[in-house]
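Biologist: Could you take a close look at one part for me, the start of the chain and its helix packing, and then follow the thread out to the charged pairs? Keep it chatty, but give me the numbers.

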Amino acid sequence: MIKWEHSIFALPFALSGAMLAANGIPAGQQLLWIVVAMVAARSAAMAFNRLADASLDAANPRTRTRALPAGTLSPAFVTTFVIVSCGVFVLAASRLNHLALVLSPVALAAVLLYSYTKRFTRWSHLVLGFALGIAPSAAWIAVRGSFDPRILLLTAAVTFWVGGFDVLYACQDCDFDRQAGLHSIPGYFGIARSLWVARMFHLLMLALLIGLVVAFGLGKLALVGVIVVMLLLAYEHSLVSSTDLSRLNAAFFTMNGVISVVFFVFIAGDLLLRK
């Protein structure tokens with residue numbers, strides 16, 4: 001039910017936020033609890049999404065083999081898993097600082113309530129993006145115990161990055177969304193125009209990353225990182241077309257994991273070389 005490797009999508013951006021906050025490498029204990037919080041929040045969100053969408057997954061040929069529709073796991077087990085994951089997240093927040101603890105319910109609300117947005121808005125892809133996009137801001141708060149508006153540039157960048165690749169992924173369910181009365185960008189605009197929406201989202205992401213480099217006074221290595229991300233995104237979009245979605249899983253899983261890790265490596269390298 002839970003693909004642990006999915007945590008890699010947002011974790012490198014969270015670590016980037018932590019390193020920007022520390023202007024280098026944060027304390028070991030901070031890094032430990034940030035990772036625990038990230039994995040716990042992502043696990044809670046994915047399990048809750050499976051609960052919320054159980055009946056929809058059962059009706060969708062692509063998803064009916066998932067654990068709940070297939071009967072591999074029970075709703076009671078998944079509910080318990082969500083509760084335990086949320087508890088671990090709050091515990092991790094409490095081990096970081098007071099502000100992180102106070103804001104932990106807000107973070108949980110953001111990552112859990114996304115699951116219902118596809119029922120009333122086609123822009124649910126951006127809500128999912130924001131749910132992951134708060135990771136770098138949360139990591140900043142975890143390290144500093146305070147907030148800096150500059151980190152919102154990275155939150156916005158992740159929001160549009162995730163929103164863009166979620167639009168690509170949702171193209172698989174275009175027909176089902178229309179039949180089930182669900183809202184999505186592919187269901188509303190069609191696949192061809194949705195691919196352009198995803199491209200626009202990713203162009204916005206790149207612009208925000210450049211803004212981040214400028215706002216934090218980062219160097220040439222960070223800028224090279226943005227260029228590499230741009231090239232990887234271009235390759236990702238080359239894998240899919242309105243008439244061929246057969247390589248979509250490669251575009252979604254492999255390339256986006258690579259993009260997040262590559263960005264972190266260049267940001268970390270830039271910060272450490274300035275020391």
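Modeller: Here is a walk from the early helices to the salt bridges and on to the later helices. Keep in mind that this is a predicted model.

Let's start with H1. Helix H1 has 12 residues and reaches 16 Å from its first C-alpha to its last, close to the 16 Å expected at 1.5 Å a residue. The helix is mostly covered, with 11 of its 12 residues buried. The buried set runs through Leu11, Pro12, Phe13, Ala14, Leu15, Ser16, Gly17, Ala18, Met19, Leu20 and Ala21.

Just after H1 comes asparagine 23, with a positive phi near 55°. Most residues other than glycine have a negative phi. Asparagine 23 is not a glycine, yet its phi is positive all the same. You'll find asparagine 23 in the loop between helix H1 (11–22) and helix H2 (28–52). At 39% relative accessibility, asparagine 23 counts as partly exposed, because buried would need under 20% and exposed over 50%.

On the far side of that loop, H2 packs against H1. Two packed helices are described by the angle between their axes and the distance between the axes. For H1 and H2, the axes come within 11 Å and cross at roughly 145°, and the crossing is right-handed. On the H1 side the contact uses Leu11, Ala14, Leu15 and Ala18, which meet Leu31, Ile34, Val35 and Met38 of H2. Sorted by class, this contact has 8 nonpolar residues, no polar ones and no charged ones. The four H1 residues in that contact, Leu11, Ala14, Leu15 and Ala18, also appear among the buried residues of H1.

It's handy to set that beside H7 and H8. Helix H7 (residues 124–144) and helix H8 (residues 152–170) pack at an angle of about 145°, with axes 7 Å apart. Their crossing is right-handed. H7 contributes residues including His125, Leu128, Gly129, Phe130, Leu132 and Gly133, while H8 brings in Leu154, Thr155, Val158, Thr159, Gly163 and Asp166, among others. By class, the contact of H7 with H8 has 13 nonpolar, 7 polar and 1 charged residues.

Now for the charges. Side chains of opposite charge can pair when their charged atoms come close. The structure holds 6 salt bridges. One of them links the side chains of aspartate 53 and arginine 119, at 3.3 Å from N to O. Aspartate 53 sits in the loop between H2 and helix H3 (54–59), and arginine 119 in the loop between helix H6 (98–113) and H7, so the pair ties together parts that are 66 residues apart in sequence. At 4% relative accessibility aspartate 53 is buried, whereas arginine 119, at 30%, is partly exposed.

Another pair is arginine 66 with aspartate 57, also listed at 3.3 Å, N to O. Aspartate 57 is buried at 6% relative accessibility, while arginine 66 counts as partly exposed at 22%.

Further along the chain, aspartate 270 forms a salt bridge with arginine 274, the closest N and O atoms being 3.7 Å apart. Aspartate 270 is buried at 4% relative accessibility, and arginine 274 is partly exposed with a relative accessible area of 42%. As for networks, salt bridges that share partners join Asp53, Lys118 and Arg119 into one.

Aspartate 270 also turns up in the surroundings of leucine 221, a residue of helix H12 (residues 220–238). Setting aside neighbours within four places in sequence, leucine 221 is in contact with Phe266, Gly269, Asp270 and Leu273. Leucine 221 itself is partly exposed, at 30% relative accessibility. To place it against the earlier charged pair, the C-alpha atoms of leucine 221 and aspartate 53 are separated by 42 Å, with their positions 168 residues apart along the chain.

Last stop: H11. Helix H11 (residues 191–215) has 25 residues and spans 36 Å from first C-alpha to last, close to the 36 Å expected at 1.5 Å a residue. Its buried residues include Ser194, Leu195, Val197, Ala198, Phe201 and His202. As with H1, a positive phi comes after the helix: glycine 217 follows H11 with a phi near 65°, and asparagine 23 follows H1.

Definitions and conventions. Residues numbered from 1 in each chain as written. Predicted model: local features only at pLDDT ≥ 70, side-chain atom pairs only at ≥ 80, totals over all residues. Heavy atoms only, no water. Helix = DSSP H or I, 4+ residues; strand = E, 2+ residues; numbered from the N terminus. Buried < 20%, exposed > 50% of the residue type's maximum accessible area, 1.4 Å probe, protein only. Axes fitted to C-alpha atoms, helices over the stretch in contact; angles between N-to-C directions. Left-handed = near helix turned anticlockwise from the far one by under 90°. Contact = heavy atoms within 4.5 Å. Nonpolar A, V, L, I, M, F, W, Y, C, P; charged D, E, K, R; others polar. Salt bridge = Lys/Arg side-chain N within 4 Å of Asp/Glu carboxyl O. Expected span 1.5 Å × (residues − 1).
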